[in-house]
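The exercises below each set a task and then work through it step by step. Please keep the sequence and the structure at hand while reading.

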Amino acid sequence: MSKGRFGVHGGQYIPETLMNAVIELEEAYEHYKNDPAFNRELAALFQEYAGRPSRLYYAAKMTKDLGGGKIYLKREDLNHTGAHKINNVLGQALLAKKMGKIRLIAETGAGQHGVATATAAALMDMECVVFMGEEDTKRQALNVYRMRLLGAEVIPVKTGTATLKDAVSQAMREWTSRISDTHYCLGSVMGPHPFPTIVRDFQSVISKEIKEQILAEEGRLPDVILACVGGGSNAIGSFYHFLQDKQTRLIGCEAAGRGVDTWETAATIATGRLGIFHGMKSYFCQDADGQIAPVYSISAGLDYPGIGPEHAYLHDIGRAEYVPVTDEEAVQAFEYLARTEGIIPAIESAHALAHAMKIAPAMPPEQIIVITLSGRGDKDCAAIARYRGEDIHE
Ligand SMILES: *Cc1c(COP(=O)(O)O)cnc(C)c1O
């Protein structure tokens, strides 16, 4: 496979002015990924700061209640800042620092990646600017406050639909104008090469740990691994070290929103077509004219009109399966886990839980299911209460 390609997907569909920046980044990454000192520093940050390894928790009550396969939860929700995003951000911030950059820029939708980037910038004494759709700054005022508290500047983006995809476009433009001192800390396994590979590698710590932990606990590999998919970073992180283990089924759960037969969906594999956007070739939700479609999900973290190129490839070759999960199914899973295990999951992660709840009862009890809980759900409580018709103050 040629550089930065996953089958026909991936690549570098970017303006000439960005070429130097991505080449510099690729060269630095190729060097540091094999540098023992870099890897020691990153491992220390993961352990001391992020709280890794995250637990692989046997959900005994959920297993008993569903009456089928044995369910384990990979607890990325227990990481510092409450989600898997910190894995990627610490890796990229450390890399940027080694490259002599003094400034991080990032895009954010709900604000989770912006908060993680602002956190790493504070820790590593770097400037931080976060681009956020103006609509999202209104919907996610608390996260805007968090980023500012952490010392970041938040710039509302007013173009297009003033949401995540416009924030990505603005961050790319800003990077073009200041590549000398600035690193663009991209938040998922998307964008032009080398981002999908870099972000995957930093997130692959999730599957590395799952493998060690399940072998220690059960002496065998899991039968199924499930994770939710927005751009796809927690999912590829959960799948990566199992790609060669063909007996382990890999299932990515997309946000169907109000249903894949409506326009109010963000399920890219189920409804999208091949296209080129944000520097990569992959599947995207598009209208009849091939314009990027406005997408919808109750979960802001899954509300992106595309999917990372490696997932598009794993879908093409049939190595991973992708299934749509509706708002209502995710909300029911959100409530179910809270009551059953005393764990409030991110509404994104609840999409993976919801599909696990569908397949677990039909599995024999000796089979093992691992579900990645990509984040914690405190941030979602007000929105889910509103969905259920109860108005609480945030
Ligand atoms: C951002 C986010 C996601 C979606 O991003 P991926 O790149 O698809 O992992 C999922 N879960 C949580 C908790 C998030 O914050």
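Domain bounds here come from an automatic or database domain assignment. The model itself is predicted.

**Exercise 1. Find how the chain is divided into domains, and describe the contact between domain 1 and domain 2.**

Step 1. Start with the bounds: domain 1 is made of 5-46 + 85-199, while domain 2 is made of 51-82 + 204-387.

Step 2. Next take the centres over C-alpha atoms, which for domain 1 and domain 2 are separated by 23 Å. To the contact, domain 1 gives 30 residues and domain 2 gives 34 residues.

Step 3. Then turn to the area, where about 2,500 Å² is buried between domain 1 and domain 2, with 66% of it on carbon and sulfur atoms. On the side of domain 1, the residues that lose the most area to domain 2 are H9, Y13 and F46, which together account for 24% of what that side buries.

Step 4. Finally, look for salt bridges between domain 1 and domain 2, for which the count is zero.

**Exercise 2. Work out how the axes of helix α14 and helix α15 are arranged, and which residues meet.**

Step 1. Helix α14 covers residues 327-341 and helix α15 covers residues 347-359, and their axes come within 7 Å and cross at roughly 90°. Angles of 65 to 115 degrees count as roughly perpendicular, and therefore α14 is roughly perpendicular to α15.

Step 2. From α14, the residues E329, A330, V331, A333, F334, Y336 and L337 meet I347, A350, H351, L353, A354, M357 and K358 of α15. Sorted by class, the residues of this contact of α14 with α15 are eleven nonpolar, one polar and two charged.

**Exercise 3. Repeat the analysis for helix α1 and helix α8.**

Step 1. Helix α1 (residues 16-32) packs with helix α8 (residues 164-177) at an angle of about 85°, and their axes are 9 Å apart. The two helices, α1 and α8, are therefore roughly perpendicular to each other.

Step 2. In α1 the residues T17, L18, A21, V22 and L25 meet M172, W175 and T176 in α8. The contact of α1 with α8 holds six nonpolar, two polar and no charged residues.

**Exercise 4. State how many salt bridges the structure holds, and examine the one that E135 forms with K138.**

Step 1. The structure holds 29 salt bridges. Side chains of opposite charge can pair when their charged atoms come close.

Step 2. Between E135 and K138, the closest N and O atoms are 3.6 Å apart, and the cut-off for a salt bridge is within 4 Å.

Step 3. Both E135 and K138 belong to helix α6 (residues 134-139), where they lie three residues apart, about one turn of the helix.

**Exercise 5. Locate the backbone features at P53, P194 and D125.**

Step 1. The peptide bond that runs from R52 to P53 is cis, with omega near -5°, and P53 lies in the loop between α2 (36-50) and β3 (56-58).

Step 2. The peptide bond from H193 to P194 is cis, with omega near 10°, and P194 lies in the loop between β8 (182-184) and α9 (195-203).

Step 3. D125, a residue other than glycine, has a positive phi near 55°, and D125 is placed in the loop between α5 (112-123) and β6 (127-133).

Conventions
Residues are numbered from 1 along each chain as its sequence is written. This is a predicted model: local features need pLDDT of at least 70, side-chain atom pairs count only at pLDDT 80 or more; totals for chains, interfaces and linings use all residues. Side-chain values use heavy atoms; hydrogens and water are left out. Axes are lines fitted to C-alpha atoms, for helices over the stretch in contact, and angles run from 0 to 180 degrees between N-to-C directions. Helices (H or I, at least four residues) and strands (E, at least two) are DSSP runs, numbered from the N terminus. Angles under 35 degrees count as roughly parallel, over 145 as roughly antiparallel, 65 to 115 as roughly perpendicular and the rest as oblique. Contact means heavy atoms within 4.5 Å. Ala, Val, Leu, Ile, Met, Phe, Trp, Tyr, Cys and Pro count as nonpolar, Asp, Glu, Lys and Arg as charged, and the others, Gly among them, as polar. Buried area is the accessible area (1.4 Å probe) that two parts lose on being put together, summed over both. A salt bridge is a side-chain nitrogen of Lys or Arg within 4 Å of a carboxyl oxygen of Asp or Glu.
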